[in-house]
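Q: I would like a close look at one part of this protein and how it sits in the rest of the chain. Please start with the part and then work outwards.

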Amino acid sequence: MVSTLIAQRIALGILLLVAVSVLIFAGTQILPGDVAQSILGRSATPLALENLRKEMGLNDPAYLRYFRWLFAILQGDLGRALTSKLDIATSIKVRLWNTLFLAFWAAVIAVPLAVCLGLLAVRYRNGPIDKLISGFALASTSVPEFFIGYLLVYFLAVKFQVFPGISNVYPGMSFFDKMQAIALPCTTLTLGVLAHMMRMTRAAILNVMQSAYIETAELKGLTAFEIIRKHAFPNAIAPIINVIMLNLAYLMVGVVVIEVIFVYPGMGQYLVDHVAKRDVPVVQAVGLIFASVYIILNMIADVASILANPRLRHPK
């Protein structure tokens, strides 16, 4: 039964990934303008434009170009950038590592902190600590990430000069220098996902706290922390895992804006640069990578929920 449910989730994820690949390809094809014209410039002759279209296969039907692109992707060939003629997979490797590095440290800080703050809010619910944590979460959720980033740049980079305003990392850089460089974008990402995870953790545990066995534990004389640790938190772990995985997926996709603000050499900055140049193969490749990460993390969340929650394994 469990293996069947997991297989269904994986199959659904694969179908969703195929559907997303179709949307990405179609979205880049219906953009206004001519790719050949944007590459050769306005002074290009009609003959040169026609030759380039034939070379790139732009005259072929859309479905043929889609399957050709999809089969190349499945073989690990992301194509070549139109502007630089460089292999996209080679160009992406370092930038993907930089994005994963930034998202990893944001997750390392945000996930434990969100769970701890959620537990504290439940322990002291309706008290000053709960109100303080909930107020901070509401304020953090209400402020856009780019605005938080600009505030951090102004106060910590410009005014007090604690951290660099431009987060430049490069191969061979020491670990300490890298951590100093990503301090501001990492803080911005952490604040962006912390509030949502904390509020959902609090809500999931409070929902469990209404159960009859919690009252039994209270009658046995267990302290509030023991009740939360032994009874409430383990039974609320499934929705908490879902929220954490969804926010980890958001870290990968939402990093685009943050990388642009801090000029961080990651996937987001790479994508924005090539969108401006109308470099379709790069946009398709990066978009598909972002979509794949998001869908895979959601699949992991579904599988983890099935394994952690007996009611999902035995719905009857």
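A: Start with helix α7, which covers residues 145-159 and gives the most to the nonpolar patch, with seven residues. This is a predicted model, and each value below is computed from it.

The patch itself lies on the surface and has an area of about 970 Å². Its members are Phe 146, Phe 147, Tyr 150, Leu 151, Tyr 154, Phe 155, Val 158, Phe 160, Val 162 and Val 257. Tyr 154 can serve as an example, since its place is in helix α7. Is Tyr 154 buried or exposed? It is neither: Tyr 154 has a relative accessible area of 44%, so it counts as partly exposed, because that class lies between the 20% limit for buried and the 50% limit for exposed.

Now follow the chain past the end of the helix. Gln 161 is found in the loop between α7 and α8, the latter being residues 175-181. With a relative accessibility of 63%, Gln 161 counts as exposed. Its backbone also deserves a look. The phi angle of Gln 161 is near 55°, a positive value in a residue that is not glycine. Most residues other than glycine have a negative phi.

Where else does a positive phi turn up in a residue other than glycine? Lys 85 is one such place, with phi near 65°. Lys 85 belongs to the loop between α4 (62-74) and α5 (88-123). At 49% relative accessibility, Lys 85 counts as partly exposed, because the limit for exposed is over 50%.

Next come the charged pairs. How many salt bridges does the structure hold? There are two. In one of them, Asp 130 is joined to Arg 202, with the closest N and O atoms 2.8 Å apart. This pair links distant parts of the chain: Asp 130 is in helix α6 (residues 128-142) and Arg 202 is in helix α9 (residues 183-209), 72 residues apart. Asp 130 has a relative accessibility of 3%, so it counts as buried.

The other bridge is formed by Asp 60 and Arg 68, and here the closest N and O atoms are 2.8 Å apart. Asp 60 is partly exposed, with 28% relative accessible area. Arg 68 is also partly exposed, at 43%.

Helix α9 offers another residue to examine, Thr 190. Its relative accessible area is 6%, so Thr 190 is buried. Which residues does Thr 190 touch once its neighbours within four places in sequence are left aside? They are Ala 106, Ile 109 and Ala 110. For a sense of distance, take Thr 190 and Ile 241: they are 51 residues apart in sequence, and their C-alpha atoms are 17 Å apart in space.

Finally, step back to the whole chain. The protein chain has 15 helices and zero strands. Its C-alpha trace spans about 85 × 60 × 35 Å along the principal axes. Of the 316 residues, 41% are buried. Among contacts with a separation of 6 or more, 72% are between residues 24 or more positions apart.

The surface and the charges complete the picture. The accessible surface of the chain comes to about 17300 Å², and carbon and sulfur atoms account for 68% of that. The chain carries 25 positive and 16 negative charges, and the mean positions of these two groups are 6 Å apart.

Definitions and conventions: Residues are numbered from 1 along each chain as its sequence is written. This is a predicted model: local features need pLDDT of at least 70, side-chain atom pairs count only at pLDDT 80 or more; totals for chains, interfaces and linings use all residues. Side-chain values use heavy atoms; hydrogens and water are left out. Helices (H or I, at least four residues) and strands (E, at least two) are DSSP runs, numbered from the N terminus. Buried means under 20% relative accessible area, exposed over 50%, partly exposed in between (1.4 Å probe, protein chains only). Contact means heavy atoms within 4.5 Å. Accessible areas come from the Shrake-Rupley method with a 1.4 Å probe; for residues, only the protein chains shown count as cover. Lys and Arg count as positive and Asp and Glu as negative; His and the chain ends are not counted. The place of a charge is taken as NZ of Lys, CZ of Arg, CG of Asp or CD of Glu. Patches are made of residues with over 30% relative accessible area and no salt bridge: like charges are joined within 9 Å, nonpolar side chains (Val, Leu, Ile, Met, Phe, Trp, Tyr) within 5 Å. A salt bridge is a side-chain nitrogen of Lys or Arg within 4 Å of a carboxyl oxygen of Asp or Glu.
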